[in-house]
Each structure stands twice: as C-alpha cells, then as structure tokens.
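Here's a short set of exercises to work through with the model open in your viewer. Try each task before you read its solution.

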Amino acid sequence: MPLHNVDILGGILVAMWNYMGWDNASTIAGEVDRPQRTYPLAMGGAVALVALTYVVPSRRVAMTGLDANRWSTGGWADVARAVVGGGAAGGVLAVAITIGGMLGAVGTLNALTMAYSRLPAVMAQDGFLPRAFARRSAKSGGSLVAIFACSAAWALCWGSASSS
C-alpha cells in the first residue's frame, strides 16, 4: 500500500477515535432526564474539559522544550519524569498519569458498552432479536444479555485484530 494511503487511513482512524461516543446521544436520549437541558450543558462541559485537558498539558510540554516528535506510547509519563525529574517525584507523577489514562480508557469502554448494548435491547423489543435481549436488570436497568453478547462479540473481534 502506498504511504499516502496509510496517512489518509491514519487520519480517518484518528478522527473516528476522537468523535467516538458523541453519536451515543441519540441512542440513550430516552433514558436521560430532561435531555433538552441536560445535553447542551453536558456537551458544553465536555468540550471545555477536553479542550482544557489537551491545551494545558500540551502548552506545559511546549514550555519544557522537549521534542514532541520523539514521543511514543507512554509519552506523557516520560514528560512527567523529564519535567519533575527522574527521582521519586517524577516516578510518582508518571504512575499517576498512567493510572489516569487507564481510568479514562476503562470509563470510555464502560460508556460505549452501556450505550451500544442498548441497540440489541431495543431491537429485541421491536421483535428483531430474541426477547432475552430485551430483559432488563432490576438493579442497573441495562440488558445483561445484550451487554454480555456485545462484550463477547467485541472480545472475539479484538482477538482476530491483534493476531493480524
């Protein structure tokens, strides 16, 4: 594959990753209290938080003079060590940043799992899937069958994607 195709594909994948989840608003709107008021407030707050969490750290790194082109996986932890120092404080900050990244990834996975599992549940209510997908948990309100089915399907896809 020519290099320019990889660049275009890479750009598309980055754009898809950055916008993933914003489409869930319509999927779960029926379960949101006062969505006409809640959505604009939540989206405005989310945009502000995303901008803040990108701009502030990026600006701080730019002030250090570190070459951003040398970053790779774990780049933020490396920056923490470089800014604070290689001692205990740098290690603690690097671990804190790594844990924050892990918590963010788990939160994203949980939000996407809960939102996307609504689709099979609604399809079951409409008669397009077996009724088991429509049964909801009394505790969470989610369809455990739909959640486990979606999770199993994603796990199978992840296994085939990681082996290629």
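**Exercise 1. Get the overall picture.**
Work out what share of the contacts with a separation of 6 or more comes from residues 24 or more positions apart, then describe the fold content and the surface.

*Solution.*
- Step 1: Of the contacts in the protein with a separation of 6 or more, 36% join residues 24 or more positions apart. Bear in mind that this is a predicted model.
- Step 2: Go through the secondary structure, and you'll find seven helices and zero strands. Read from the N terminus, the order is α-α-α-α-α-α-α.
- Step 3: Now look at burial: 15% of the 164 residues are buried.
- Step 4: The accessible surface is about 11800 Å², and carbon and sulfur atoms account for 69% of that area.

**Exercise 2. Take α4 apart.**
Find out which residues of α4 are buried, and what covers them.

*Solution.*
- Step 1: Pick out the buried residues of α4 (75-84). They are Gly 75, Ala 77, Val 79 and Ala 80.
- Step 2: Check what sits over these buried residues: the cover includes α3 and α5.
- Step 3: Think about spacing. An α-helix has 3.6 residues a turn, so residues three or four places apart point the same way.
- Step 4: Look just past the end of the helix. Gly 85 follows α4 and has a positive phi, near 120°.
- Step 5: For another positive phi, go to Arg 34, where the value is near 50° in a residue other than glycine. Arg 34 belongs to the loop between α2 (24-28) and α3.

**Exercise 3. Map the nonpolar patch.**
Name the residues that make the nonpolar surface patch of about 460 Å², and say which element gives the largest share.

*Solution.*
- Step 1: The patch is built from Leu 66, Trp 76, Val 83, Val 84, Leu 93 and Ile 97.
- Step 2: Sort these by element. Both α4 and α5 (88-116) give two or more residues, and α4 has the largest share with three.
- Step 3: Place Leu 66, which sits in the loop between α3 (35-64) and α4. Its relative accessibility is 33%, so Leu 66 counts as partly exposed.

**Exercise 4. Follow Ser 143.**
Is Ser 143 buried or exposed, and which backbone oxygens does its side chain reach?

*Solution.*
- Step 1: Locate Ser 143 in the loop between α6 (118-125) and α7 (144-163).
- Step 2: Check the accessibility. With a relative accessible area of 2%, against a cut-off of under 20%, Ser 143 is buried.
- Step 3: Look at the polar atoms. The Ser 143 side chain comes to 2.5 Å from the backbone oxygen of Phe 133, and a polar atom of that side chain lies 3.3 Å from the backbone oxygen of Arg 135.
- Step 4: List the contacts, leaving out residues up to four places away in sequence: Ser 143 touches Ala 121, Ala 132, Phe 133, Ala 134, Arg 135 and Arg 136.

**Exercise 5. Look around Ser 143.**
Compare the accessibility and contacts of Leu 144 and Ala 124.

*Solution.*
- Step 1: Start with Leu 144, in helix α7. At 44% relative accessible area, Leu 144 is partly exposed.
- Step 2: Leaving out residues up to four places away in sequence, Leu 144 touches Arg 135 and Ser 137. Leu 144 and Ala 121 are 23 residues apart in sequence, with their C-alpha atoms 9.4 Å apart.
- Step 3: Move to Ala 124 in helix α6. Its relative accessibility is 0%, so Ala 124 is buried.
- Step 4: With the same sequence neighbours left out, Ala 124 touches Leu 129, Pro 130, Arg 131, Phe 133 and Ala 134. From Ala 124 to Arg 135 is eleven residues in sequence and 8.9 Å between C-alpha atoms.

**Exercise 6. Check α5 and the cysteines.**
Find which residues Thr 113 touches, then say how many disulfides the whole structure has.

*Solution.*
- Step 1: Thr 113 is part of helix α5. It is buried, at 10% relative accessibility.
- Step 2: Beyond residues up to four places away in sequence, Thr 113 touches Ile 147, Ser 151 and Trp 154.
- Step 3: Turn to the cysteines. Cys 150 is buried at 12% relative accessible area, whereas Cys 157 is partly exposed at 47%.
- Step 4: Search the whole structure for disulfides and you get zero.

Notes
Residues numbered from 1 in each chain as written. Predicted model: local features only at pLDDT ≥ 70, side-chain atom pairs only at ≥ 80, totals over all residues. Heavy atoms only, no water. Helix = DSSP H or I, 4+ residues; strand = E, 2+ residues; numbered from the N terminus. Buried < 20%, exposed > 50% of the residue type's maximum accessible area, 1.4 Å probe, protein only. Polar contact = N/O pair within 3.5 Å; in protein donor to acceptor, adjacent residues only side chain to side chain. Contact = heavy atoms within 4.5 Å. Patch = residues over 30% accessible without salt bridge, like charges linked within 9 Å, V, L, I, M, F, W, Y side chains within 5 Å. Areas by Shrake-Rupley, 256 points an atom, 1.4 Å probe, with all protein chains shown as cover. Salt bridge = Lys/Arg side-chain N within 4 Å of Asp/Glu carboxyl O. Disulfide = S-S within 2.5 Å.
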